[in-house]
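Work through these exercises with the sequence and the model side by side. Try each task before reading its solution.

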Amino acid sequence: MDTLPPRDAASLDGATITTLARGDTAFLLVPAQIDSVPSLTSIAGAAPPAGMASPISLVNAPDAAAFLGSAGTAFAVTFPPTSPTGDALTTLSVGDGSTTATLTSTVTVS
C-alpha cells in the first residue's frame, strides 16, 4: 500500500501537511487513473459517524495539470466544524483495469 501526501494547495508547490483544522482544506493529487473514488475509511480509529457527509470532492487543479496528466485527478478534503477530531484515513484505488494499487492518505483533524 502506497501513501498519498495531503497538501495545503492543489499544486505540486503545496506543502505536505499532517494536521488539518476543521473547516480548512487539504488537497490530494493523484497522477493516475482512478479505479475507485477516495473514501474516508476511518477517523480517530473508528468508522466515520453514520450520516457523515463525505469530506472529499473533486477539484480543478490547473497548477498541477502537468503532474496529473490526462488520467490524473485532484481532490479537496474539508472536514466540517462538527467533524470528529483525530487521525483521518482516506483510501482509494488507482489502475488501468489490469493492475491496481491502493493508496492511503492520513491527516490529523484538529
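**Exercise 1. Place serine 105 and list its surroundings.**

Solution. Start with burial. Serine 105 has a relative accessible area of 6%, so it is buried (buried means under 20% relative accessible area, exposed over 50%, partly exposed in between, with a 1.4 Å probe and protein chains only). Next, find its element. Serine 105 belongs to strand S8. Helices (H or I, at least four residues) and strands (E, at least two) are DSSP runs, numbered from the N terminus.

A word on the source: this is a predicted model, in which local features need pLDDT of at least 70, side-chain atom pairs count only at pLDDT 80 or more, and totals for chains, interfaces and linings use all residues. Residues are numbered from 1 along each chain as its sequence is written, and side-chain values use heavy atoms, with hydrogens and water left out.

Now look for contacts (heavy atoms within 4.5 Å). Leaving aside neighbours within four places in sequence, serine 105 is in contact with Leu4, Pro5, Pro6, Leu28, Ala88, Leu89 and Thr90. One of these partners also appears in a polar contact. The serine 105 side chain reaches the backbone oxygen of leucine 4 at 2.9 Å. A polar contact is a pair of N or O atoms within 3.5 Å; within protein, one must be able to donate a hydrogen and the other to accept it, and residues adjacent in sequence count only if both atoms are side-chain atoms. Last, take a C-alpha distance. Serine 105 and aspartate 87 are 10 Å apart in space and 18 residues apart in sequence.

**Exercise 2. How confident is the predictor in this chain?**

Solution. Use pLDDT, the predictor's confidence in each residue, from 0 to 100. The chain averages a pLDDT of 92, and 99% of the residues score at least 70. Then go element by element. S2 has the highest mean, 96, and S1 the lowest, 90. Keep one caution in mind. Where pLDDT is low, the predicted coordinates should not be read in detail.

**Exercise 3. What does buried arginine 7 reach, given that it has no salt bridge?**

Solution. Locate it: arginine 7 sits in the loop between strand S1 (2-3) and strand S2 (19-20). Check charge next. The nearest side chain of opposite charge is aspartate 8, at 7.2 Å. Lys and Arg count as positive and Asp and Glu as negative; His and the chain ends are not counted. A salt bridge needs a side-chain nitrogen of Lys or Arg within 4 Å of a carboxyl oxygen of Asp or Glu.

Now turn to backbone oxygens. A polar atom of the arginine 7 side chain lies 2.9 Å from the backbone oxygen of glycine 14. The side chain also reaches the backbone oxygen of leucine 12 at 3.5 Å. Beyond four places in sequence, the contacts of arginine 7 include Thr16, Ile17, Thr25, Phe27 and Leu29.

**Exercise 4. Which residues touch the most other members of the largest nonpolar core?**

Solution. Define the set: buried Ala, Val, Leu, Ile, Met, Phe, Trp, Tyr and Cys residues joined through side-chain atoms within 4.5 Å. The largest such core has 18 residues; Leu4, Leu20, Val30, Phe79, Ala88, Leu92 and Leu103 touch the most other members. Trace the strands. S3 (25-30), S4 (34-43), S6 (73-78), S7 (86-95) and S8 (100-109) each supply at least two residues of this core. Another core, of eight residues, lies apart from it, with Ala10, Phe27, Ala61 and Leu68 among them.

Zoom in on alanine 88. Its contacts beyond four places in sequence include Leu40, Ser42, Phe79 and Ser105.

**Exercise 5. Compare positions in and after strand S4.**

Solution. Leucine 40 is in strand S4 and is buried, at 13% relative accessible area. Among its contacts beyond four places in sequence are Met52, Ile56, Phe79 and Ala88. Serine 42 is also found in S4. At 17% relative accessibility, serine 42 counts as buried. Serine 42 touches Pro48, Asp87, Ala88 and Leu89, not counting residues up to four places away.

Move on to alanine 44, in the loop between S4 and S5. Alanine 44 is partly exposed, at 48%. Check its backbone: phi is positive, about 55°, although alanine 44 is not a glycine.

**Exercise 6. Is aspartate 63 buried or exposed?**

Solution. Aspartate 63 counts as exposed, at 65% relative accessibility. Its loop runs between strand S5 (56-59) and helix H1 (65-68). Not counting residues up to four places away, aspartate 63 touches Ala10 and Ser11. Its C-alpha is 8.7 Å from that of aspartate 13, 50 residues apart along the chain.
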